[in-house]
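Me: Please take a close look at the salt bridges here, one pair at a time. I would like the cut-offs stated along the way.

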Amino acid sequence: MSVKIRRLSYNQADFSKQMNDLLSWESVSDDTVNGRVLEIISEVRKRGDAAVVEYTQKFDRVSAKSMAELTFDRERIQQSLARINPEQRKSLELAAERVRLYHEHQKQDSWRYTEADGTVLGQKITPLDRVGLYVPGGKASYPSSVIMNAIPAKVAGVPEVVMVVPTPDNEVNDIVLAAAAVAGVDRVFAIGGAQAVAALAYGTETVPPVDKIVGPGNIYVATAKRHVFGKVGIDMIAGPSEILVVCDGGTNPDWIAMDLFSQAEHDEDAQAILISQDKAFIDQVIESINKLLPTMERAEIIRTSLEARGALIHVDTKEQALEVANIIAPEHLELSVADPEDWLPEIRHAGAIFMGRYTAESIGDYCAGPNHVLPTSGTARYSSPLGVYDFQKRSSIIFCSEQGAAELGKTASVLARGESLTAHARSAEYRMKK
C-alpha cells in the first residue's frame, strides 16, 4: 500500500495555512498527567527514598526493597564494559572521544580588563557543582544519549554527574551502563519517571540534589522537568524528532528516502520533510519510499509518521527553499545540494546543519562530534544545541579603584536619585572623593 504523504507547492494559494497545520505541535500534558506528576513530586519531597522505591516498584515492576538495591556502584558500572561485545565497546569509545574533542572547542575561559583609572571588569566562568542525567531505560537503549549529555558536562568541569535510568522488570541495559563508564558518569541509580526527576531536583537520603537536569524522557518526565524548573535548571522540553532535507535533485532518491525514515522511525509524532525544486525528483523519492518501506523493521511507525506529519514541498527557486527552511527552523537540516557552502550563509534557524550529499543525519546522532541534543518544534529560532556552555555559569567581576569609584559614583548617584532610591545614591556617594 502506497504511503499517503502530503505534497505541497510554494505557489498554492493556501500554502501558509498548510504550513501552519503541518508544523503545529503542542507539547503539553493533560490534566491527568499533570496532577499525577505533582502528586509524585510532593511525595518524593516529603518521604524521600521511601517514595522513590514505592513508585519504582509500582511503575517499573522491580523487586528492590531499598535504594541500596537501586544503586549501581562504580565497580558494577565498570563491569558493564566487559559485558558488551568488543565492537560495541570500540564504537562507544570512538564516539565518546569525538564528542569530547568537539566540545573541548566550546570551553569558555574567565576574562577581565583594566580601565585607565585602574578599575577592573571581567567575567568568571564556573562549572555547575552537580548535574543530573536522565536516560530512558528498559528495552529502549540510548547509550548515545549518555555520551551526548555527560561528556559536555565533564568537559565543562562539572565534578559530579549523577545518572538515573529505569530498569523495568529488573532489566539492566549493559550498553547504557557501559556508555556511563566511558563518559565518566560518577553515580548511577536505577530509577526513572517523575520520581527520578523529583529525587534529582530535591534530593533524598540517597540521591543527591543536582543543579541541572538534562536528558530525554516520556511525557511524565517532561512534565516533571517543567515543574521542578526554577529549583533546578533544565536543558529543554523537547518535542518530537524532526528532519528537513533540502535537495537539488542530484542525490540518490533512495538515500533521501532513508534519511526521511531515520527520523520517522522514532515515533508516530516525528516529522520528516523534503524540499526540492525538482518535481521529477520528488516523484522519484516517493517511489523510493514505497519501495523501501516494506524492508523496514519499524515500517508502521514510519508510515504513520509520514502520513500524519510528513511532507514533500516543491519550490521554484533557491530563495523559496531557504525561506521555507527558515520558517520550519528544523532540529536537523540536511543540505543535500551540490554546493552547501553557498546555502549556509542564508540559513538562520536550525539545530544542526548537515552539509552535502554524503552527510547523513544519523552520523550526527552518534559519532560526528557535535551534540545531538537539539532544539525542536521551531525553537531553533532562539535556542541552541546542548553544549559545554549549558554546564557553566558566568559571574560578573567589578573591582573599582578609588578614582573609578569617584567617577562612576557620580553617574550612579544621579541615576539612583532619579529612581528615588536614595540609599543606592548615598552608598555610591560615600565613596566619592570630597
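Reply: Glu407, at 43% relative accessibility, counts as partly exposed (the class between buried, under 20% relative accessible area, and exposed, over 50%, with a 1.4 Å probe and protein chains only). This is a predicted model, in which local features need pLDDT of at least 70 and side-chain atom pairs count only at pLDDT 80 or more, whereas totals for chains, interfaces and linings use all residues. Residues are numbered from 1 along each chain as its sequence is written, and side-chain values use heavy atoms, with hydrogens and water left out.

The side chain of Glu407 meets that of Lys410 in a salt bridge, at 3.4 Å from N to O (a side-chain nitrogen of Lys or Arg within 4 Å of a carboxyl oxygen of Asp or Glu). Lys410 is likewise partly exposed, with a relative accessible area of 43%, and the two residues sit three apart in helix α16 (residues 402-418), about one helical turn (helices are DSSP runs of H or I, at least four residues, and strands runs of E, at least two, numbered from the N terminus).

Within helix α2 (residues 31-47), Glu39 and Arg36 are also three residues apart, and the closest N and O atoms of their salt bridge are 2.7 Å apart; Glu39 is partly exposed at 41%.

Arg7 pairs with Asp283 at 2.6 Å between the closest N and O atoms. Because Arg7 lies in strand β1 (residues 6-9) and Asp283 in helix α11 (residues 279-292), this pair ties together parts 276 residues apart in sequence. Arg7 is partly exposed at 40%, as is Asp283 at 35%.

Glu43, Lys46, Arg47 and Glu54 are linked in a network of salt bridges, and the whole structure holds 23 salt bridges.
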